[in-house]
Amino acid sequence: MRVIEIRASHALTPSGLPEYQYALNPYLGCYHGCRYCYARDFTGGDAGRRWGEVVYVKVNIPALLRSEVKVLRPGIVGISTITDPYQPVEAKYRITRSSLEILLPAGFHASIQTKSTFILKDADLLFVYRDRVDVGFTITTMDRDKARLLEPKAPPPEARAYALTRISELGVRTWIFLGPLIKGLNDSAEDYRPVLELAKRTHSEVFVDRYRPRPGADAMLSALGISASADRSWWRSKTQEIKSECSALGVICRTAEEEWRMYDKGRRRLEL
Ligand code: SF4
């Protein structure tokens with residue numbers, strides 16, 4: 001694993017996702033090296049070319065952020081959108097931690113997505129600011145072997161389930177990103193049912209999504225012999241199946257498209 005320190009020009013950037021006003025990516029590239037990761041296609045340099053082997057660390061993010069929070073309007077910050085904010089380099093650099101220590105007292109809301117148990121190191125901060133954070137764990141299947149194939153260096157699903165449970169016990173709003181689902185690989189009831197049961201136990205919402213083809217991710221999957229094309233009728237029936245299991249369990253479940261439709265052009269949540 002090669003770690004390269006760089007200096008960024010901005011900490012907060014406008015987010016392309018409707019649910020966030022800003023994105024904050026303390027790192028570029030991701031040690032976890034997930035084979036379906038779309039972020040590879042948005043990451044330049046060696047971190048993108050050698051996915052999972054090179055990580056750029058934006059060492060000046062806290063300094064930039066201290067200035068930016070004085071002039072930018074508080075809003076929802078997606079942490080992170082093209083990397084995992086709690087991948088192993090965070091243990092040394094603590095840029096995610098420092099960013100939260102600046103953003104939260106300044107009135108920003110942090111929406112954190114990770115696969116890592118390392119987030120538990122920040123439980124103290126998450127507890128204090130539990131009304132200004134939400135935490136999502138990506139869980140693609142509870143099958144350990146499949147998870148290792150798809151997410152070779154990420155913590156195993158049961159470790160994520162443990163961390164999600166601990167965070168939810170802090171009174172923090174939690175959610176599970178169940179995806180990407182790949183037809184014939186991780187889309188069976190044996191894959192997703194334990195994830196929905198975990199959501200029920202932890203009072204977490206579920207966002208379900210299919211694999212969305214990208215050249216870099218397609219190449220990584222096809223190197224494993226996985227063809228990830230998916231037809232619409234499969235996805236229609238799969239979402240119906242998952243949603244009906246969610247209803248039976250009393251779990252709130254939305255597809256990514258349904259979630260995005262909940263925001264107007266001003267990125268306000270329509271139900272609020
Ligand atoms: S943890 Fe997230 S950002 Fe990192 S490789 Fe996996 S999918 Fe990509």
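Start by selecting strand 1 and strand 5 (residues 54-58) in this predicted model. The two run parallel and are joined by five bridges. For a spot to zoom in on, pick Ile6 and look across to strand 5, where Lys58 stands opposite. Now widen the selection to bring in strand 4: you get an open sheet of three strands, ordered 1-5-4, with mixed pairing. Which strands sit at the edges? Strand 1 (2-6) and strand 4 (27-28), each pairing on one side only.

Next stop, the ligand. Select the residues around the ligand: Cys30, His32, Gly33, Cys34, Tyr36, Cys37, Trp51, Thr83, Asp84 and Lys115. Colour this shell by residue class and you should find five nonpolar, three polar and two charged residues.

Now move on to strand 8, residues 133-138. Is this strand buried or exposed? Six of its six residues are buried, so the rest of the structure largely encloses strand 8. Show the side chains and look at which way they go. Val133, Val135 and Phe137 point one way, while Asp134, Gly136 and Thr138 point the other way, and all of them are buried. That fits a general pattern: in a regular strand, side chains alternate between the two faces of the sheet.

With strand 8 still selected, add its partners one at a time. Strand 7 (residues 109-114) runs parallel to strand 8, with five bridges joining them. Find Gln113 and you'll see Gly136 of strand 8 opposite. To follow the chain between these two strands, trace from strand 7 through helix 5 (residues 123-128) to strand 8; this β-α-β crossover is right-handed. Then add strand 9, which also pairs with strand 8 in the parallel sense, over five bridges. Here the pair to pick is Asp134 and, opposite in strand 9, Arg173.

Last stop: follow the chain out of strand 9 (173-181) into the loop before helix 8 (189-202), and select Asn186. With a relative accessibility of 0%, Asn186 counts as buried, because the cut-off is under 20%. What does its side chain reach at 3.1 Å? The backbone oxygen of Thr140. Switch to the backbone nitrogen of Ile182, and there is a polar side-chain atom of Asn186 at 2.6 Å. To finish, show the neighbours that Asn186 touches, leaving out residues up to four places away in sequence: Thr140, Thr141, Leu150, Pro180, Leu181 and Asp191.

Technical notes: Residues are numbered from 1 along each chain as its sequence is written. This is a predicted model: local features need pLDDT of at least 70, side-chain atom pairs count only at pLDDT 80 or more; totals for chains, interfaces and linings use all residues. Side-chain values use heavy atoms; hydrogens and water are left out. Two strands pair if DSSP finds at least two bridges between them. Helices (H or I, at least four residues) and strands (E, at least two) are DSSP runs, numbered from the N terminus. Buried means under 20% relative accessible area, exposed over 50%, partly exposed in between (1.4 Å probe, protein chains only). A polar contact is a pair of N or O atoms within 3.5 Å; within protein, one must be able to donate a hydrogen and the other to accept it, and residues adjacent in sequence count only if both atoms are side-chain atoms. Contact means heavy atoms within 4.5 Å. A residue is near a molecule or strand if one of its heavy atoms lies within 4 Å of it. Ala, Val, Leu, Ile, Met, Phe, Trp, Tyr, Cys and Pro count as nonpolar, Asp, Glu, Lys and Arg as charged, and the others, Gly among them, as polar. A crossover is right-handed if, with the strands pointing away from the viewer, the path from the first strand over the helix to the second runs clockwise.
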